[in-house]
Amino acid sequence: MITNDAAASLAINPTEHVKSINALSYDGNALMMDGVSLADIAKTFGTPTYVYSQQAILAAYQAYDDSFAEIDHQICYAVKANSNLAVLNELAKAGSGFDIVTGGELARVLAAGGDPKKIVFSGLGKTAEDIRTALEVGIACFNVESEAELYRINAVAGKLQKQAPISLRVNPNVDAQTHPYISTGLKENKFGITHEDAPRIYQIAHDLPHLKIVGIDCHIGSQLTQVQPFMDALDKVIEMIHALAKQGIALEHIDLGGGLGVQYIDEDVASIEEFAQLLLPKLKTLGLTLYLEPGRSIVANAGVLLTRVDILKPTEHKNFAIVDAAMNDLIRPALYHSEMAVIPTQLNSPVEPKVWDMVGAICETGDFLAKNRVLALADNDILAITGAGAYGFVMSSNYNSRPRACEILVKEGHAHVIRERETVESLWQNEKLVD
Ligand SMILES: *Cc1c(COP(=O)(O)O)cnc(C)c1O
């Protein structure tokens with residue numbers, strides 16, 4: 001599918017590539033998402049534009065729900081991966097719960113029709129205000145990341161004369177073998193409570209009057225392609241559950257976080273079904289309700305970013321294709337050096353393929369979307385960056401006063417605008433001159 005020549009350039013065969021992506025296919029030469037032409041979407045709504053497949057999002061959610069059908073479970077989609085209201089609403093209607101990390105995400109989930117009883121609240125800096133709102137609406141659980149946070153939640157719950165359901169995010173100290181920025185389960189990470197501290201802090205929670213211990217939680221990282229790190233984490237967490245039982249602390253649920261990876265180029269990635277098959281035997285023996293917090297694996301390959309070739313700039317050393325999307329729209333390549341596939345929305349280009357660096361127009365050398373790609377490019381070609389449904393739009397910014405992209409949801413054969421492209425004027429609407 002992919003050839004690497006001596007110059008380490010990457011040639012992706014588009015028709016092969018889309019075979020691994022549920023939402024995409026070529027109809028003749030035209031790239032389609034669920035029967036809708038992506039070139040037509042670009043023509044109608046402009047570029048850069050994010051396009052998501054409702055069908056593919058729900059299929060991934062359903063794969064989790066079905067694969068764990070044998071045990072009590074709740075899938076809580078990690079809102080931070082893609083928090084558009086329409087996306088959340090589709091998932092809520094399918095029965096999904098939500099994993100949130102801020103009061104802002106809580107408000108979004110409620111605005112999108114999410115069920116508060118299926119919300120788990122993660123994150124290491126929950127404010128008293130966020131905690132109060134979450135208690136008032138009655139969320140399922142706070143995933144607590146420090147001793148200080150326990151006291152804070154206890155105090156807020158006390159004022160409201162409520163009992164706050166909590167679990168501790170423990171750090172199983174396993175190597176997730178992923179990018180250091182998205183590996184979270186090691187001792188040196190800022191997240192969670194260490195194995196050694198967990199019994200003592202659980203005891204504190206047990207003794208605080210306004211807390212109710214309901215579970216245990218871990219999240220070891222993101223873009224994990226294999227199941228083994230999850231198995232290692234599960235073993236460690238089960239050990240802790242047995243130790244807590246001896247302390248007289250019984251739990252109702254185990255939350256294994258999110259983090260299952262996706263195929264961006266040609267990575268060998270465990271499927272949701274394989275993931276479940278490997279974990280289920282141990283989970284069945286345990287007999288607790290399973291919570292999972294998948295983000296990327298629900299939305300990444302349900303989305304593309306469409307961008308137009310604006311200026312071709314071949315130079316002596318490199319060929320640059322300056323496109324109308326940039327690092328402010330999609331920061332993953334610049335931030336994590338992620339490789340994302342770029343494929344044409346129209347096959348059979350009449351021009352010769354060359355090796356291109358696909359870059360944005362922002363004044364930063366780090367502003368690139370893809371490097372050393374073999375592509376046949378002409379002015380105004382519309383390209384699709386695949387895998388862009390997760391950590392794409394949500395991480396976008398207005399750097400260089402660039403309005404953020406439009407978002408489209410393809411549902412039942414129609415393209416719906418689910419977020420209008422920002423106007424330039426809106427960028428300074430909260431700014432004020434000083435006399
Ligand atoms: C980011 C995050 C997730 C989702 O991770 P994915 O890799 O997108 O599945 C789940 N839980 C917590 C606590 C997170 O921080």
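**The ligand site, pockets and backbone of the model**

In this predicted model, the ligand is surrounded by 14 residues, and the closest of them are Lys80, Ser222, Glu293, Arg296 and Tyr391. Sorted by class, the shell around the ligand holds three nonpolar, six polar and five charged residues.

Three side chains can be picked out for their polar atoms. Glu293 places a polar side-chain atom 2.6 Å from a nitrogen atom of the ligand. His219 also has a polar side-chain atom facing a ligand nitrogen atom, here at a distance of 3.5 Å. For Tyr391, an N or O atom of the side chain lies 2.5 Å from an oxygen atom of the ligand. Taken on its own, the ligand has 390 Å² of accessible area, and the protein covers 94% of that area.

Where does the ligand sit with respect to the pockets of the protein? The space that the ligand takes is the largest pocket. This largest pocket contains about 730 Å³ of space. Its lining is made up of 33 residues, and those closest to the centre of the pocket are Lys80, Val101, Phe191, His219 and Tyr391. Lys80 and Tyr391 are thus worth a second look: both were named among the residues closest to the ligand, and both appear again among those closest to the pocket centre. As for secondary structure, helix 11 (296-299) and helix 12 (332-336) are the elements that contribute two or more residues to the lining of the largest pocket. By class, this lining comprises 11 nonpolar, 12 polar and 10 charged residues.

Enclosed space was examined as well. How many cavities of 30 Å³ or more does the model have? The count comes to one. The largest cavity has a volume of about 40 Å³. Its lining is formed by Tyr64, Phe230, Gly257, Gly258, Gly259, Leu260, Phe275, Leu292 and Pro294. In terms of class, six of these lining residues are nonpolar and three are polar, with no charged residue present. The lining of the largest pocket, by contrast, does include charged residues, 10 in number.

Two details of the backbone round off the description. Most residues other than glycine have a negative phi, and most peptide bonds are trans. Against that background, the peptide bond from Thr47 to Pro48 is cis, its omega being near -5°. Pro48 belongs to the loop that links helix 2 (38-45) with strand 6 (49-53). The second detail concerns Asn348, a residue other than glycine whose phi is positive, with a value near 60°. Asn348 is likewise found in a loop, this one between strand 18 (342-344) and strand 19 (354-359).

Definitions and conventions:
Residues are numbered from 1 along each chain as its sequence is written. This is a predicted model: local features need pLDDT of at least 70, side-chain atom pairs count only at pLDDT 80 or more; totals for chains, interfaces and linings use all residues. Side-chain values use heavy atoms; hydrogens and water are left out. A residue is near a molecule or strand if one of its heavy atoms lies within 4 Å of it. A polar contact is a pair of N or O atoms within 3.5 Å; within protein, one must be able to donate a hydrogen and the other to accept it, and residues adjacent in sequence count only if both atoms are side-chain atoms. Accessible areas come from the Shrake-Rupley method with a 1.4 Å probe; for residues, only the protein chains shown count as cover. On a 1 Å grid over the protein atoms alone, a cavity is a set of points where a 1.4 Å probe fits but cannot get out, and a pocket is an open set with protein on both sides within 12 Å along at least five of seven lines; lining residues have an atom within 4 Å of a point. A molecule sits in a cavity or pocket if more than half of its atoms lie within 2 Å of its grid points. Ala, Val, Leu, Ile, Met, Phe, Trp, Tyr, Cys and Pro count as nonpolar, Asp, Glu, Lys and Arg as charged, and the others, Gly among them, as polar. Grid points are joined across faces, edges and corners, and a volume is the space filled by probe spheres set on the points. Helices (H or I, at least four residues) and strands (E, at least two) are DSSP runs, numbered from the N terminus.
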